[in-house]
Amino acid sequence: VGIGAALGLYRVSRQQSGQWLDSALFALAFALVGARLGYAGLNQAYFAAHPGEIMQIWLGGLNDAGALAGGVVGILIAARIRRISPGRLADLLYPLLPPLAVGVWLGCWLSGTAYGLELPAGTWWAVPVQDESGLVSGRLPVQLIAAISLLIFYWLLELLTPMPRPAGWLFSLAVSWLSLVNLVASLLRADPAPQWGQLRADTWLNLVLVLLFFTLFVWAQFQTRRQAKGSEITTL
C-alpha cells in the first residue's frame with residue numbers, strides 16, 4: 001500500500017510543477033482515516049469494547065469502501081481550500097488512484113487478506129495464498145485477478161481517454177470501475193467478514209459505490225452533450 005501510494009504521489013507531482021501534491025496528501029490522509037473508521041464500523045461489537053483501538057491503524061484492519069468515502073471527503077475539503085471545482089480536482093488527483101488500488105490488492109495477496117475460495121488439489125490455475133492464520137493453500141486468485149483487471153483498465157483509460165473531457169468524468173469512471181472490481185471480488189472472497197442478510201457487508205457497500213459513481217459519470221456525459229448541442233444551436 002505504501003509503495004502504491006508513493007507511486008501515485010510521484011505521478012501527481014509530475015503535473016503542473018507538483019502544485020496539487022498537497023491536495024493528494026490531504027486526500028490520502030482522509031482515505032486512511034476513512035478506511036479505519038469503515039473497518040471499525042463493520043466490527044462494532046469489538047470496537048465498542050475496545051474504543052481505544054479504533055485509530056490504532058498499525059494493528060491492522062482497513063475497509064475499501066471507507067477509504068473511498070474518506071478520500072472523497074478529503075477531495076471536497078481540499079477543493080474548498082484551493083477554490084477549485086471538486087470534479088476538476090478529483091480528475092487532477094486521478095493519477096494517485098491506479099498504483100494505489102493495484103498496490104492494495106497486491107498487498108492483500110502478500111498479507112493473506114481478501115483471499116478467494118480454496119480449490120481442489122492439482123487445480124492448475126490455483127495460486128498459493130495464505131489465510132489469516134498463515135496457512136498457505138491453493139486458492140482462487142482473487143487478489144491477482146483484481147489487480148490485473150485494474151491495471152489493464154486504467155492503462156486503456158489513460159491511453160484512450162478523449163480530450164477535453166468534463167470535470168469529474170475521469171475520476172467518476174475510474175472509481176466506478178474500482179468499485180465494480182471490488183464488488184465482484186467480494187462475491188468470490190472466502191475470508192471472514194460481517195454479513196448483511198445473505199451477502200457480505202462489503203458487497204453491499206461496493207454496490208452502493210458503483211451506483212453512485214456511475215451515476216456521476218453518466219451525469220457528466222449528459223452535461224457534456226447538452227453543452228455541445230447548445231454550442232451547435234448558438235453557432236447556427
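Is Ser186 buried or exposed? Ser186 is buried, because its relative accessible area is 2%, and under 20% counts as buried. This comes from a predicted model.

**Around Ser186**

Ser186 sits in helix H8, which covers residues 169–188. Its side chain makes a polar contact with the side chain of Thr203, at 2.8 Å. Setting aside neighbours within four places in sequence, Ser186 is in contact with Arg200, Asp202 and Thr203. So Thr203 appears twice in this picture: it is in contact with Ser186, and its side chain forms the polar contact.

**Helix H8 and its partners**

Helix H8 also packs against other helices. Two packed helices are described by the angle between their axes and the distance between the axes.

Take H4 and H8. Helix H4 spans residues 64–82, and its axis comes within 11 Å of the axis of H8. The two axes cross at roughly 165°. Angles over 145 degrees count as roughly antiparallel, so H4 and H8 are roughly antiparallel to each other. Their crossing is left-handed.

Which residues of H4 and H8 meet? From H4 come Asp64, Leu68, Val72 and Ile75. From H8 come Phe171, Val175, Leu178, Ser179 and Asn182. By class, this contact of H4 with H8 has six nonpolar, two polar and one charged residues.

Now take H6 and H8. Helix H6 covers residues 97–111. The axes of H6 and H8 are 11 Å apart, and the packing angle is about 10°. Angles under 35 degrees count as roughly parallel, so H6 and H8 are roughly parallel to each other.

Leu97, Ala101 and Trp105 are the H6 residues in this contact. They meet Ala174, Val175, Leu178, Asn182 and Ala185 of H8. The contact of H6 with H8 divides into seven nonpolar, one polar and no charged residues. Val175, Leu178 and Asn182 of H8 take part in the contact with H4 and also in the contact with H6.

**Residues in the loops**

Next come four residues that lie in loops. The table gives their places and relative accessible areas.

| Residue | Loop between | Relative accessible area | Class |
|---|---|---|---|
| Ser17 | H1 (2–13) and H2 (21–42) | 79% | exposed |
| Arg83 | H4 and H5 | 80% | exposed |
| Ser85 | H4 and H5 (86–92) | 37% | partly exposed |
| Ala114 | H6 and strand S1 (127–130) | 5% | buried |

Start with Ser17. Its C-alpha atom is separated from that of Leu62 by 32 Å. Along the chain, Ser17 and Leu62 are 45 residues apart.

Turn to Ser85. Not counting residues up to four places away in sequence, Ser85 touches Ala79 and Ala167. The C-alpha atoms of Ser85 and Asn206 are separated by 25 Å. These two residues are 121 places apart along the chain.

**Backbone angles**

Most residues other than glycine have a negative phi. What is the phi of Arg83, which is not a glycine? Arg83 has a positive phi of about 55°. Ala114 has a positive phi too, near 55°, and Ala114 is also a residue other than glycine. Their surroundings can be set side by side. Arg83 is exposed, at 80% relative accessibility, whereas Ala114 is buried, at 5% relative accessible area. Arg83 lies in the loop between H4 and H5, while Ala114 lies in the loop between H6 and strand S1.

Conventions: Residues are numbered from 1 along each chain as its sequence is written. This is a predicted model: local features need pLDDT of at least 70, side-chain atom pairs count only at pLDDT 80 or more; totals for chains, interfaces and linings use all residues. Side-chain values use heavy atoms; hydrogens and water are left out. Helices (H or I, at least four residues) and strands (E, at least two) are DSSP runs, numbered from the N terminus. Buried means under 20% relative accessible area, exposed over 50%, partly exposed in between (1.4 Å probe, protein chains only). A polar contact is a pair of N or O atoms within 3.5 Å; within protein, one must be able to donate a hydrogen and the other to accept it, and residues adjacent in sequence count only if both atoms are side-chain atoms. Contact means heavy atoms within 4.5 Å. Axes are lines fitted to C-alpha atoms, for helices over the stretch in contact, and angles run from 0 to 180 degrees between N-to-C directions. Angles under 35 degrees count as roughly parallel, over 145 as roughly antiparallel, 65 to 115 as roughly perpendicular and the rest as oblique. A crossing is left-handed if the near helix is turned anticlockwise from the far one by less than a right angle, and right-handed if clockwise. Ala, Val, Leu, Ile, Met, Phe, Trp, Tyr, Cys and Pro count as nonpolar, Asp, Glu, Lys and Arg as charged, and the others, Gly among them, as polar.
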